[in-house]
Every structure is written in C-alpha cells, then in structure tokens.
Amino acid sequence: MGCLVSTPTETGGNKRKPINIGDVSVFVPGLRIPKPVDFSMALDNHLSKSLVERLSALRTRIVVMAGQEGPTITRTRRKSATQHGRVLKQLVYAGGSTLGDLLQALEDYLPVLLGLVKDGSPLQHKVQFAWVNQEDDVEETAICSSWYEALSVLHLMAMLSLSQANLLLLPRTSFDGSQLRVSEESRRSSVDIFLKAAGYLDCAVRHVLPQFTSELRRNLPIDLAEGALRALCLQALGQAVDIQLGLAIDSAKATLAVKRRLACEMVKYWQQAQDNIMNLPLSHGWGAKHRLFVKWKYIEAKAAAYYYHGLILDEGNTEKSHGVAVASLQAADEYLKESKKACEDFHAVAPLSRNPPLWGTMKYLSEKIPKDTSSKARTNRDRYSYEKVMETAPPLPDFALALKPDDYHLPPIDASWSDEATT
C-alpha cells in the first residue's frame, strides 16, 4: 500500500514537548503536526496544474496554521468572565488564528484530498505524507498513502474539538469576582463538541482504517492505532455524560434514578476507554499521561455511580437495604479518595498540568459523598476497611449506553475532480 518511513525520536527534533500544559478539564494528548509535502513532484504528470496547486495551497495552509497553533493550543489558562467574552463564537490564540479556522481549513482540504483515493485510484500511493507524532516513541511517520493522510486529518479534527471543549470547561471568574464557574451555555455547547469529536473518531475507525492493509495498520503510529482512536472516542462520550450528569444535578426536575443511570453509563464509557488504552504500549510522555487521565476519570465515575446507587438503595427502608446502601456509599467514599490520588498522579506526569478549581459534578460530589456516607453509617460497626468495603459493595446496575457519536461521514469528493482525467 505504499512506502513507510519512520524517524526515531533520537534523530528527530520536530516533536513539540511543552513543559507545562496548564489547566486541564479535557485531556488532549498533543497535536500531530503535518510536515510540508511537494504535490507537484508527485502529481504533475498525472493531474492538471490547477488541481495540484489547489491541493498544495490547502495543505500548506494547514501546515502553517498547525505549526503556529499547536504549541499554544496545548497550553491553557483560566480567564475572567470579561476576558472570556463570546468564547462560544471565537477561541483566539496568540498565533492570530482560531481553533475554528484550523478546523475549517481541514474540512476544506478533506474533500479535495479524497479525490486521490477515488475508485481505488493508484494516485493514492503517489504522495508521501509525513506527520509528527505525539504519543508514539517514533518522532514522525511518513507513508505513501492518501488514506493515511485522511486518517491523520480526522484525528487532528477530533483533537481540535477536544481542545475547544477543554477551553469551554475551564472555570471562569464571575463578573463580580466572587466565584469560579462554568456557564450552562458552555456546558451544553461542550456536549455537542464532544459528540462531534467522537463522530470524527468513529468515522476513522469504521470507514478509514478498513482501507489499510493489515501490515500497514500494524505500522501506524500509536496515535492512530485502533485502540487509541476508540479510547479517545469513548473518552469524549464519557466526558459528555459527565457534563449531562452535572446539568442533572443542577436541575430540580432530575430524579435520583436519572442521575444514577447517567453515572453508571459514565462508568461503562470510561471502563471501555481503559480497556482500549491499556493494551497500547504507552510508557511515558503524552501516552503515559493519557493512560493516567483515563484511569483517573474511570475511578471518579465509579465514585459518582456508587453514590447515587447507595442513595436509591437506602430508599428501601429495611435493615438489609440500609446495609447495602451503606456499603455502596462507603465504596463511593473510597473511590473518591482514590480519584484524588489518581488526579495528582496525572497532573504530576510530564508535561505537567494543573487541575482547575472543582466545579460541576465533582464539586458537588466531593462535598456530598463524605457527608452522606458519614450520616448513613449510623454506628461504628458500619465502618469497614477498604478491602471489606469493596468486598461488600453491591454491583452497579447495567444500563444500555444511550449516548452515541455524531453520525459523521466522509465528505463527497470535491467537484474539482469531476472533469479531471487522471493518468
């Protein structure tokens, strides 16, 4: 399916490794950056000059923008509400462009790029595309495959979307300076963005990866391995449910049953994300940090699920139901403590990061879980060791997962290819 060139980290020097990435509500494992490509050398004898120039212009725009914005996008800091402005409309960076601009550039490029794979065209193997990796030990990977380029584009679109969600979910100082908060508008918008990111990744797994030979799939960088793509997709869905749970907590109309279901679904998303990422050789750097993020959020989700499960069990008003309720609440309390340690471990791994001030789901639960666990455990005999708590904790309900990725499909091939006679 084409040539493959991998540049070892020792001989590279292109990978951007920030020392500190700032506040993290949504983890983005770095941005893979495209390297320049000479389309004319590979395609001049096969395509019209105008189409070759268009491909070159569209991709060069992405190379320049990604090179400028990449280091900035992965470093974030909190802003006040007045600085925040219309963050939903425009997320501006020091390089002068925006996340939205870069996403638009990728969306403009993809339909033209896909012309190279039209009807299995041999042109798909003519151009060698190179990208700088982030999670893989290999510095960069270059492959003579337009499908590799399409996969890399979808991955970058998803990472940019997760970056947008992270900025929306960083607490902002209110206008009067009295508190840090995330607006309901930002939270609802972030859910849409999470589903969009999941849609890009789901499309990559279902429609692009199948175009690769098994040998070439094995040679893809870890960043683009099926397990990594699935883990990121599930991460996006898990964080979307987390936001939905926070909105339910704030709603007087949401019942305990609704909150428990959301919390239990969140556990399943993060468990599946962990199952996928644990099989990948991620030992340091962005990869190790990514694995710790998934572990942290999985434990955090279990704390929420056991808490709401315990509250519902306690509604049984029998000694037996009270006993299992206490066991469930104590499990929630233990998972909450464990999640705090997992959070510290995540932020301490390079590149260093900070945990924003608590808000939303975890701000509420960090206050309620210890308090309700203590009040429900009416005697000292109800307090058990960690091992005993985990042994006696009732199983969580198994709910079907309701949230799905956006139904994203690869765009139609650009009209500029309609009259093109390829050779």
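**Helix packing and three loop residues**

Student: In this predicted model, at what angle do the axes of helix α9 (residues 256-277) and helix α10 (residues 285-313) cross?

Tutor: Two packed helices are described by the angle between their axes and the distance between the axes. For α9 and α10, the axes come within 8 Å. Their crossing angle is roughly 155°.

Student: Are α9 and α10 roughly parallel or roughly antiparallel to each other?

Tutor: An angle over 145 degrees counts as roughly antiparallel. The axes of α9 and α10 cross at roughly 155°. The two helices are therefore roughly antiparallel.

Student: How many nonpolar residues does the contact of α9 with α10 have?

Tutor: α9 passes α10 in a left-handed crossing. By class, their contact has 4 polar and 6 charged residues, and the nonpolar ones number 18.

Student: Is S145 buried or exposed?

Tutor: S145 sits in the loop between β5 (138-143) and α5 (146-168). Its side chain reaches the backbone nitrogen of W147 at 3.3 Å. Because buried means under 20% relative accessible area, S145, at 0%, counts as buried.

Student: Is D119 buried or exposed?

Tutor: D119 belongs to the loop between α4 (99-113) and β4 (129-132). This residue is not a glycine, yet its phi is positive, near 55°. The cut-off for exposed is over 50%. D119 has 73% relative accessibility and so counts as exposed.

Student: Which residue does a cis peptide bond join to A350?

Tutor: Omega of this bond is about -5°. The partner lies in the loop between α11 (319-348) and β8 (352-354). The residue joined to A350 is P351.

Definitions and conventions:
Residues numbered from 1 in each chain as written. Predicted model: local features only at pLDDT ≥ 70, side-chain atom pairs only at ≥ 80, totals over all residues. Heavy atoms only, no water. Helix = DSSP H or I, 4+ residues; strand = E, 2+ residues; numbered from the N terminus. Buried < 20%, exposed > 50% of the residue type's maximum accessible area, 1.4 Å probe, protein only. Polar contact = N/O pair within 3.5 Å; in protein donor to acceptor, adjacent residues only side chain to side chain. Axes fitted to C-alpha atoms, helices over the stretch in contact; angles between N-to-C directions. Parallel < 35°, antiparallel > 145°, perpendicular 65-115°, else oblique. Left-handed = near helix turned anticlockwise from the far one by under 90°. Nonpolar A, V, L, I, M, F, W, Y, C, P; charged D, E, K, R; others polar.
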